[in-house]
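Subject: Handover of a structure and notes on its contents

Dear colleague,

Please find the structure below, together with the sequence. My notes follow directly after it, and I would be grateful if you read them with the structure open.

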Amino acid sequence: MKLLENMITRRRFLQASGAAAGTAAVSGGLGYATLAPMSEAQAQGGGGTTITKNICGQCPARCGIDVYTTNGRVHAIYGDPGNPIANGKLCPKGHLGTYFLYDADRFKGPMKRTNPKKGRNEDPKFVPISWDEAFDTVAKRLQTLRDKGESHRLAHFYGRGWGPSDAGLYGDFGKLYGTPNSAIGHASLCAEGSKRAKQATDGNNSYNAYDYHNTNYILNFGAGFLEAFRPYNYLMQAWGHMRTKSPKTRITSIDVRMSTTMAASDRALMIKPATDAALALAVAHVMLVEGLWDKEFVGDFKDGLNLFKSGQDVPENSFAERWTHGIAGWWNAVVKNATPKWAAEITTLAEADIVAVAREFGTTRPAMAIMERGPTAHTNGTYAGMCIHSLNALAGTMFAKGGMFYQMGVPYGGLPVKSEDFMDDYAKSPDRKKPRIDLAGSADWPMTGTMMQECAKNHLAGKPYKLDTAMFFYTNPIFTAPDAKVWEEALKDVFVIDTSPFPGETAMYADIVMPEHTYLERLQDSPTYPFEGWPMTALRVPAIKPLYDTKHFGDMIIEIGKRMQGPMGDYYKALGNTENVIRARAKGFEANPGDNGVKDFETWKEKGVWYRKPYHWRQHRGEFYEWDGSDYRKKMTADDVKAKLLKTPSGKFEFKSGFLEKHAEYIQRTLGVAPDRVGFPQYIPAKHTGGGDLHLVTPKTAMHAEGRGANLPHAIALAQPSMGGKTTVYLEIHPETAKKRGIKNNGRVRLKAKLGTIEAIARYSPATRPDTLILPQEHGHWAQGRWAKDRRPGNTSDICDNVSDPISGLACYYTGKVTIEAA
Amino acid sequence: MSNNASTMTPPSGLVNTVALAGIAGVVVSLALVFMNMAGQGHASFNTTSDGVVWGLPVSTYLFFVVMSTGLTFVSAFGMVFGIREFYPVAKRCVWLALATLIAGFTVLAFELGHPFRMLWALPTSFQIYSPMNWMGVLYGAELLFIVWKLQKLEAGDWESGVSKKLGMASFIAAILAVAMLGSVFGMMAMRPYWFGGMIPMYFLLTALLCGVALTMLTSYVAYGFDRDRMPGALQDLLKGTTSTLYASLPVVFSTVIGITLVALTLRTATGLWSHQDGFEAFNWMVGTPWFLLQAIALLVAFFLMVNPGTRAGQGAQVGAALLVLVAMFIGSYLFVVGGQVVPVFKGVWVADFVEYAPSLTEWMLVVLGVSLCLALYGFGEKKLNLGAAPDK
Amino acid sequence: MAKWGMVIDLDKCTGCTACTTSCGMENNRLPGENWQDVLFYQEGEFPSGTLKWFPRPCMHCENASCVEVCPTRATYKDADGFVLIDWNKCIGCKYCMIACPYGVRFYTDEKAPIQPDVKQVFKGDGQRSWNPPWRAPDSRDDWKHGVGIQPNGVVSKCTFCYHRVSKAPKGTPDLNPANPALREFTPACVVTCAPTARYFGDLSNPNSEVSKMIANQRGVRLRDHTGNKPQVYYLTGGAGGAVPTDRRGKKA
C-alpha cells in the first residue's frame, strides 16, 4: 500500500513539475500550486498560483525573476532558473521586490502642485489630476517653449534607464523636439571612471564582461564583489564556483574599508584612499622586472633578454610588442621607478605584501585585475583605472578564456517608424545645435559624455542658459548628487516633472507628478549590461494589473509626443505605445532565435529572456580568433582586431594612450601632467576636498537598492549587518581615532566638511583604517516615505563637494575629507 | 468561630490604610497595564527576543511565589513541627502565603501570551520533561492545601489529624514547588549563570529568608507598629525571649540572612573566578548598582539582627525586614535577568551585555503584585483574625 | 521517515543575507526579526583586522531542549525531523526561548525595531498579528506547524520551510533547487543562496549528498557540548585532523 501511494504521488509530481518547467509563465494553475498535492491545490479556492517572468529593478544587474501571484496578490519573488544571470538565485534585495509594489507611501496617480513655493518645508499641496490633464499641461508648456524657439530649455534627466522602451525613446524625442538635453544620464554620478580608463587603454568606452568561471586569480581593486558590484547575484554564484573549483580561484582584494568582499578574500589589503594606481604600478614593476608578463600577448625584448631593471631606462626600440603599444616608453616614464618600496610609502601597504601579490598575479593564469568606482571616484580616477587595467594587458587577460572582454549587442528589430522622416524644419535647423545644459563635451568638459552633477550649478549661473522644464526618470539628484543642496535652489524656478512612483525629494519639488508603474507592473525589455559577452535581453511581464492609476514611463514620453503639433505628434501617434516598441524589437529574434527557443514576442514573454551564446571572439596565446559557428578557429587580422576588439588609435592595448594625448593640453591644465607624459597610466596624487583630516568613504551596502531601499523596513533592518546597523547605518571609526577625539562607542558625532555638517552615530570598528571614516550612503532623506524620512544619519551628499575627475567626469564621491567630533 | 478569643485584637488603623493603599494601587496599576497592553500588547514591555526574554514581571513572579513558599515554611514551624511559639504568626503566614501566591500568578498571567489557553492546553498536552509544568502542578497543590488549611483554621481546627496533615502537605508541596521553580532555571545547562543542581537549594534558602522577613514586618503592621498591643506570645517570639533559642524570630532571621550572605558570596565569587563562557554575567551583576544595594541591605540587616544590642528592637526588626525584602526583590531581578544578559552569540547585532530596563507597564505589574498583596493582607487582617492561635 | 538536515558551507557563504530576506518574505517575518539570521563581528585590528559572519537558522536539534521545556508540547519534534511550534497550543511562556542555546526563537509581541511599526501600518485582523499585502496565500496558513503569519502571543521560529519540504516525494535523498522537479520543495534560503553555500537533504540516508559532505568536508555542529545535536551542519574544511566535537555517548 505504502509503495503504491508513493508511486502515485511521485507520478503526479513528475507530471506537474514537467508542466511547470515547460510553460511556467502561462497563467492558470501552473507553477507553485500545482506542485502541491491535488487536494490542497483545490483548497486554494480556485485561484491557482501563477509565475510571471520579470527583471528585478533594484540594481542594474537585471536578474530574471519569477514572480509568484495568487488571487491577484504578488507574494513571492525568486530567481528565474532560466535566466543566465539569476540562475534561480537572488541577492538579498531581490526578494523584497513586492515591497515596492505594495509600498504604503506610493503615489496613487498623477497630481499637480498647488503651492507655488518650493522648499524642504513647503507642502507641495498636490491635488489629483487626470492623465489627460497632466499630459496636456506638459505638452502645452513644451509647445509654447518650442514656439518661442527655446526648446533646448527642456531637459530630461534619468538614472536607471532599462532599454528601448523607456530611456531608449529619449534620443528621438530630443531630435524631434529640438533639445540637446534629451537626456542627461547619471553615468557621471555612477561609474564613468572605469569606462573611460578602458576607453583610454583598449578603446572600449564600456564596462567589461568577465569570464569568472574560468579564471584562476582575481586582483580586485575596490570592487564590492560581494556587496554592490554588478551583477551582484551572479557574482556570488561565481564566487561559490571559484572557491570550490579545481584549482581554487585565489582572490586578493584591495579596498579602503573592511567589507564582506575583503573578509572573504584570501588576502585583504587595506589601502590608503586614492592610491590604488601606485599599487597597480608596483605590481606592473615587479611583473616586468621579474619577467612575469605574458610574452605571447605583450611581446618580448628582441634579443630575449629582460632589460627591465629597476630605475633603469630601456631603449625604446628594444622591445617587440605584439598587442600592446608603448610599453618601453611607459616603463621609462613611469614604471621603472614604481618600485614596491615606493608604492608602500604611498599606499601604506607593506612592501612584502605588494611583492607577494605581484608574484601571485604574475605567475597565475588566467588572472584578471578588476576595479570599479572605488579607485576611480577621485580626481586621479581615470589614470588609476588605466594603471589597474594595464595589468590585464601584462597578464594577457584581454579576450582570453578566464579573462575579460566586452558586451555584444542585441539583434533587435527596428521601429516601425523612423524619426528622421518626421523632422520638421525647426528640428532640422542649425539653431538646434546648442550646448547641453551640463556642458559635457564642451570646452569645459571635453572628454566627458554626461555631467549631470553640473546641471544645477549651470542653471543657477545661466551658463549656458536657464532651464525651463525638467523631467526626471529614475533619478533623485536633490538627494544623491554631490552638493545636493544646490539642486534644491536650482529646481525652485524650473518646471519639474517627476515620474517616480515614490514620494522622493525631487517629487517634493515637482510641479507635475506622473507616477510610473513599479517594475512588477511593467511590460519592459532590458538588454544586459556587460556580462559574459554574448548578447542577452530580458523582459518584464506585468505580474498583475497596475495597483494604482500609474503609467509606463515610455508611454508618458509617447503620450506627450502625441500632443505636440506637426510631424512630431504624427511620429508618436504612429509609434502608438511601448508595447508596439517592444513587439518591433522582438521581431529581430525571428532571424536570431535564442538558445532557449525565444523567437518572437510571445515566447519572449513566456521565457522572460532572449540570449544567444557564445561570445564571438577569443584571444589565445597571442592570437585572436573569431567564432566560426562551432569553435574559435577563424584567425583574425590586426585590422579585424582593431575594428572589433581593441578600438584604440593603434589597434593595440595602449600603455601610451592616443585618446588622452589628443587632449594633452586639457589634461595638463586640469591635472598638471606634462604633455609628454599624459598618455601613460600613472599615479598622480588626488586632490581631496572637504578640508578635513579624515577620509570619508560612503560605500553602498548590499541592501542599498540604488537608494530605493530607504523606505523598506526589511531593507532598513539589514542595511548594515556587518556593524549591527538595524535602524540606522553607523559610522565606522577606528577606536583610536575615536578616543583621540573623545568619541564614545555608539556616541553621536558630527561630521564637518566645507559644505556643512551631518550627524551620525559612531561605532568602534578596529578593522577600519585610522585615517578613514566609513558611512554607508542610504539614509538622511527628508522625503521618500514614512520609513525613510528623517532617518539618521544625515545625507552624505550634503557634505560631498561637487568635484569631478576631469577626464571621465565621474563625481568624486569618495575623495572628501572631513573632521569629526562628538555631538 | 472563636475558641481563641484570648488572642483576638482589633486590627490597627494602619491595616485599613494598608488595605486602602493596596486597593488604590491595584486600581491604578491595573488601569495603566490594561491601557498599555490593550494598545500595544506585550510591545509595551521592554523584553525582546534577542535580548532579555524574561524580564521584571517574571522576576516579580519569582519573588512572590518564593516568598509564598517561605511563608508556608514559617507557618509550618508551628503547625507541622509543633514549635508552639510560632503559633501567633502561623495563620497570618498561611494567609500571606495565599496572598503572595495569588499576586505572583496574577503578575505571571499578564506576562504570558495566552494565559487562558494555558488552562486547557496544560492538562491536555502535558510535557512531563518540562520543569515549568511540575512547578505549576506543585504550586497548584500548595495553593489547594493552603486554601483547605485556611478553611480549617477559620473553623478553628488547628490540630485535628486532617488539619495537621494539610499543614504537612502544604509544607511538602511548598518545598517541592520552590525547588522545582529553582530547577526551571537550574536545569538550563545552556545558561551557565543559572545552571546547577544546587540552585533549588538556594531558592529554598531565600524562600525562608523572605518568609521570615515578611512575617516579622506584618507582625508589626498588624498591631500598628506597637509591640505593646501584641499578645505576649508574639512579643516573646519577636524579642526572642522564649526558652528555646530557635523559637526566636530574630535568631532565625539572622541565621538565615547569614547563610544567604555566605551562599550569595560564594556563588558570586565562583562566577567571577571562572572563565567559563557565560559567566560574564557575574561581572555584569556585580557591576550593577542594584547588586551593591542588595549587598548593603543584606549586610545591614544581618548586623541589625546579629548585634545583641539591636536584635530585639522594634525599629531594627522593621528595618531589617524591609531591607531584606528589598534585597530579595533585587536578588530575584538580578537572577532572572543575569541568566540572559550574555548574548547567545557574540556579534555586532548586540552589545557585550544585553541592555534591558523595564518599561512602565512592567513596573506597573510590580505595583499590581505588591498592591494585591497589601489589599489581600488588609482584607485578611480585618476579616479573618490572622492573629488567631489555638488555645494552649 | 526522513531526517531532514541542512549543511552550510562556511567557505562559500558570502554573508549577503539573501537567506534572511528570502525567508523573511517566504514566511512573512517582521523586519528585524530574522528566523534565518547572519551574525557579524570583527576580529583583530587594522591592518590585519577582519570581518566574520555566521549564518544561523534553527538547528532542528535531535535532542531539542525547546521541545523538552515546552509545558504544553506546543513545540514538538516531527517524525521527519522538523522542530515545529503548534500555534494553537503555544501559551507564550517563552521558556523555549530561554532554553534554546542558539537564540533562534521569536516572540511576536515586541517593540518594533523599525518605526513606524509595520504591524500598525498593515494591521492584523485579530487572528494574524499583522497583514502585509505581500503575505503568502491564505491557504498556506497552517498553525499546527507554525506556518503562516504569526498570531499574537505565541513564539515562532524557522520551520525548515515545512510547507515546502513536507510536500517533497518520500524517500528523496537531497532537495536540490537546481533540479526543477525539487525546487518548489526546497527551503527558501537554500533555493536562493547564490554561492550555493546551503544544502538540504536527508541525514538518515548515508547516500545523500549532505551525508557525504558532512563526511568529506568535516561537518561540525554548533555548540555540540550542549548535547542538543543539531541537524544543521557547518562545513569547515576537509582535513582529517580535527578537534573532537561530538561525544557519541548516550547523552550527546
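How many bridges join S1(C) to strand S8 (residues 198-202) of chain C, and do these strands run parallel or antiparallel? There are five bridges, and the two strands run antiparallel. Please keep in mind throughout that this is a predicted model.

**Strand S1 of chain C**

Within the S1(C) and S8(C) pairing, Ile8(C) has Arg198(C) as its bridge partner. S1(C) also pairs with strand S10 (residues 232-235) of chain C, here in the parallel sense and over four bridges. In that pairing, Asp9(C) is matched with Leu235(C) in S10(C).

The side chains of a regular strand alternate between the two faces of the sheet. In S1(C), Trp4(C), Met6(C) and Ile8(C) point one way, while Gly5(C), Val7(C) and Asp9(C) point the other way. All of these residues are buried. Because six of the six residues of S1(C), which covers residues 4-9, are buried, the strand is largely enclosed by the rest of the structure.

**Chain C as a whole**

Chain C contains seven helices and 10 strands. Its C-alpha trace spans about 55 × 50 × 40 Å along the principal axes. A compact globule of 252 residues would have a radius of gyration near 18 Å, and the 18 Å of chain C agrees with this. Of the 252 residues in chain C, 64% count as buried. Among contacts in chain C with a separation of 6 or more, 55% are made by residues 24 or more positions apart.

**Where chain C meets chain A**

On the side of chain C, 54 residues are in contact with 69 residues of chain A. Several elements of chain C each supply at least two residues of the side that touches chain A: helix H1 (18-26), strand S2 (37-43), strand S3 (50-56), helix H4 (118-121) and helix H6 (188-192). The largest share, seven residues, comes from H1(C). By residue type, this side of chain C divides into 28 nonpolar, 16 polar and 10 charged residues.

**Chain A as a whole**

Chain A has 30 helices and 31 strands. The C-alpha trace of chain A spans about 80 × 75 × 65 Å along its principal axes. For 823 residues, a compact globule would have a radius of gyration near 28 Å; chain A has 27 Å, which agrees. Of its 823 residues, 61% count as buried. Of the contacts in chain A between residues at least 6 apart in sequence, 70% join residues at least 24 apart.

Chain A is divided into four parts, some of them assembled from separate stretches of the chain:

- domain 1 covers 2-101;
- domain 2 covers 111-183 + 418-527 + 550-570;
- domain 3 covers 194-407 + 650-671;
- domain 4 covers 694-822.

The C-alpha centres of domain 2 and domain 3 of chain A lie 39 Å apart.

**Strand pairings in chain A**

One open sheet of chain A is formed by six strands in the order S5-S4-S18-S17-S16-S6, with mixed pairing. Strand S5 (126-128) and strand S6 (154-158) stand at the edges with a single partner strand each, so one side of each is left without a neighbour in the sheet. Inside this order, strand S17 (residues 495-498) and strand S18 (residues 512-513) of chain A run parallel and are joined by two bridges. Ile497(A) stands opposite Ile512(A) in S18(A).

Strand S31 (residues 817-822) of chain A takes part in two further pairings. Strand S26 (residues 694-697) of chain A runs antiparallel to S31(A), with two bridges between them, and Leu694(A) stands opposite Val818(A). Strand S28 (residues 748-753) of chain A also pairs with S31(A) in the antiparallel sense, over four bridges; there, Arg750(A) has Glu821(A) as its bridge partner.

**The nonpolar core**

Which residues touch the most other members of the largest nonpolar core? They are Leu281(A), Val283(A) and Val324(B), in a core of 469 residues. Leaving aside residues up to four places away in sequence, Val283(A) touches Val357(A), Ala358(A), Phe361(A) and Leu391(A).

With kind regards

Methods:
Residues are numbered from 1 along each chain as its sequence is written. Chains are lettered from A and ligands numbered from 1 in the order in which they are written. Domain bounds come from an automatic or database domain assignment. Two strands pair if DSSP finds at least two bridges between them. The radius of gyration is taken over C-alpha atoms; the globule rule is 2.2 Å times the number of residues to the power 0.38. A residue is buried if 20 or more other C-beta atoms lie within 10 Å of its own, exposed if 12 or fewer, and partly exposed in between; C-beta atoms are placed from the backbone. Two residues are in contact if their C-beta atoms, placed from the backbone, lie within 7 Å. Ala, Val, Leu, Ile, Met, Phe, Trp, Tyr, Cys and Pro count as nonpolar, Asp, Glu, Lys and Arg as charged, and the others, Gly among them, as polar. A nonpolar core is a set of buried Ala, Val, Leu, Ile, Met, Phe, Trp, Tyr and Cys residues joined through C-beta atoms within 7 Å.
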